[in-house]
Amino acid sequence: MSTAEIAAPAVGKAGPAPYIGAMNVLGIETSCDETAVAVVNDEGDVLADLVLSQIDEHAPYGGVVPEIAARSHIDHLDPLIGRAMDEAKLAWSDLDAIAVTAGPGLIGGVIVGLMEAKAIAAAHHLPLVAVNHLEGHALTARLTDGVDFPYLLLLISGGHCQLLIVDGVGRYQRLGTTVDDAVGEAFDKTAKLLGLGFPGGPAVEKAAQSADSKRFSLPRPMLGRDGCDFSFSGLKTAVRHVMEAEEAMNDGDRADLAASFQQAVVDTITDRTANAIQMFHAIHPGASTLVVAGGVAANKALRQALETTAAAHAMTLVAPPPRLCTDNAVMIAWAGLERLRLGDIDALDIPARARWPLDPDAASAAGAKA
Ligand code: KG4
Ligand code: ZN
């Protein structure tokens, strides 16, 4: 098997024995290149948390190949669900619902997870909760830190880069979004240009450690502009131009370029977030929580900078542990629980969705993909 399991360190309130009587939800996540299954209860206890990464299968291609991802989910999902139920020490009859990512994501993988969830729901007469993957990221801080609504959310992942007000479950107001690439995409493309491997975010972060972030001067797209939209494609192109202009780059040069890129991202994101905080405060003057979520939120330099930005505006930054920033099924089970509590369940004919914005009413930013 060329997939690799990501070990589950204790996160949040992981580990306790289940107590029968709590609401227990099985979560399934297959929207990208992680096959993930978790069991969470409404006390916030994580009873099982399994993530099988397909990185090794996609690495030779320098990015996620949708067809390979979908086939790998088919191969691994069933046994992973069995293991999660064993670890949680629960029988099917102890479950209160099945929560599953129904989009947005790579449609083949989403269909695999959704079909499996529907089959389990039908066979065991359990409610199905079709979860928006982005809502999984968005609500994680309520599991890990008990954050109350409303809060300002910076959602930064491989496919999205947005600032939103979270007023409640299913209630989002988008303040800004990227007009071109998502920030995780920019990390991944930059890593590829620098030959640092895949996935790019952790590779760039590692290379940037103790490198010179002032060595190369790179653009800070959107910096200083009104509003809180983002743009990253020019930054990626600037990295390519530096690569082309340099005669021969050694590992140290590449590390300096990685650090310069990361600093440009940090400067841009903190500038846009500061504007979003002002917009948030105009609507919710007393609210003081800034949540960062999504895979890029695992980046330590960014977390530190955001902490400073938040403090400068009398806000508190909440960043879930890195394992719960990158894709996982705990967040899907938790979002499912939040919806279940509101009686918000789905029919078994609900479709998989490749695109599914959190705020469907938001006007699209000029040139934006989503
Ligand atoms: O949320 P996520 O796991 O999947 C999506 O929903 O897209 O985010 C994956 C993205 C990838 O682009 C990856 O390179 C980036 O998150 N990422 C990071 C770090 N860890 C993951 N970017 C910067 N620094 C990191 N430490
Ligand atoms: Zn994600």
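Which strands does helix H4 (residues 133–145) lie across, and at about what angle does H4 run to E7? Helix H4 lies across E7, E9, E10 and E11, and its direction is about 125° to that of E7. Here contact means heavy atoms within 4.5 Å, axes are lines fitted to C-alpha atoms, for helices over the stretch in contact, and angles run from 0 to 180 degrees between N-to-C directions. Helices (H or I, at least four residues) and strands (E, at least two) are DSSP runs numbered from the N terminus, and two strands pair if DSSP finds at least two bridges between them.

This is a predicted model, in which local features need pLDDT of at least 70 and side-chain atom pairs count only at pLDDT 80 or more, while totals for chains, interfaces and linings use all residues. Residues are numbered from 1 along each chain as its sequence is written, chains are lettered from A and ligands numbered from 1 in the order in which they are written, and side-chain values use heavy atoms, with hydrogens and water left out.

**The two sheets**

The strands that H4 crosses, E7, E9, E10 and E11, belong to an open sheet of five strands in the order E9-E8-E7-E10-E11, whose pairing is mixed. Because strand E9 (171–177) and strand E11 (316–318) stand at its edges with a single partner strand each, one side of each is left without a neighbour in the sheet. From one strand to the next, the twist averages 25°. Within this sheet, strand E7 (residues 151–156) and strand E10 (residues 289–293) pair in the parallel sense over four bridges, and Leu-153 stands opposite Val-291 in E10.

Another open sheet is formed by six strands in the order E1-E4-E3-E2-E5-E6, again with mixed pairing. Its edge strands, each paired on one side only, are strand E1 (4–6) and strand E6 (128–132), and neighbouring strands are turned by 20° against each other on average, direction ignored. E1 pairs with strand E4 (residues 46–53) in the antiparallel sense over three bridges, and Ala-4 has Ser-53 of E4 as its bridge partner. Helix H2 (residues 66–88) lies across E1, strand E2 (24–29), strand E3 (34–41) and E4, at about 25° to E3, whereas helix H11 (residues 330–341) lies across E2, E3, E4, strand E5 (97–103) and E6, at about 45° to E3.

**The surroundings of ligand 1**

Ligand 1 is surrounded by 20 residues, the closest being Gly-158, Asp-188, Gly-201, Glu-205 and Asp-327; a residue is counted as near if one of its heavy atoms lies within 4 Å. Polar contacts, which are pairs of N or O atoms within 3.5 Å, include those in the table.

| Residue and atom | Atom of ligand 1 | Distance |
|---|---|---|
| Gly-158, polar backbone atom | oxygen | 2.8 Å |
| Gly-184, polar backbone atom | oxygen | 3.1 Å |
| Asn-299, polar side-chain atom | nitrogen | 3.1 Å |

On its own, ligand 1 has 550 Å² of accessible area, of which the protein covers 88%, areas being computed by the Shrake-Rupley method with a 1.4 Å probe. H4, helix H5 (183–193) and helix H6 (200–208) each supply at least two residues of the shell, and H6 gives the largest share, four residues. By class, the shell has five nonpolar, twelve polar and three charged residues, where Ala, Val, Leu, Ile, Met, Phe, Trp, Tyr, Cys and Pro count as nonpolar, Asp, Glu, Lys and Arg as charged, and the others, Gly among them, as polar.

**Backbone details in the loops**

In the loop between H5 and H6 lies Pro-199, and the peptide bond leading to Pro-199 from Phe-198 is cis, with omega near 0°. A cis peptide bond also joins Gly-103 and Pro-104, with omega about -15°, and Pro-104 is placed in the loop between E5 and helix H3 (107–124). His-125, found in the loop between H3 and E6, has a positive phi of about 55° although it is not a glycine.

Conventions:
Polar contact = N/O pair within 3.5 Å; in protein donor to acceptor, adjacent residues only side chain to side chain.
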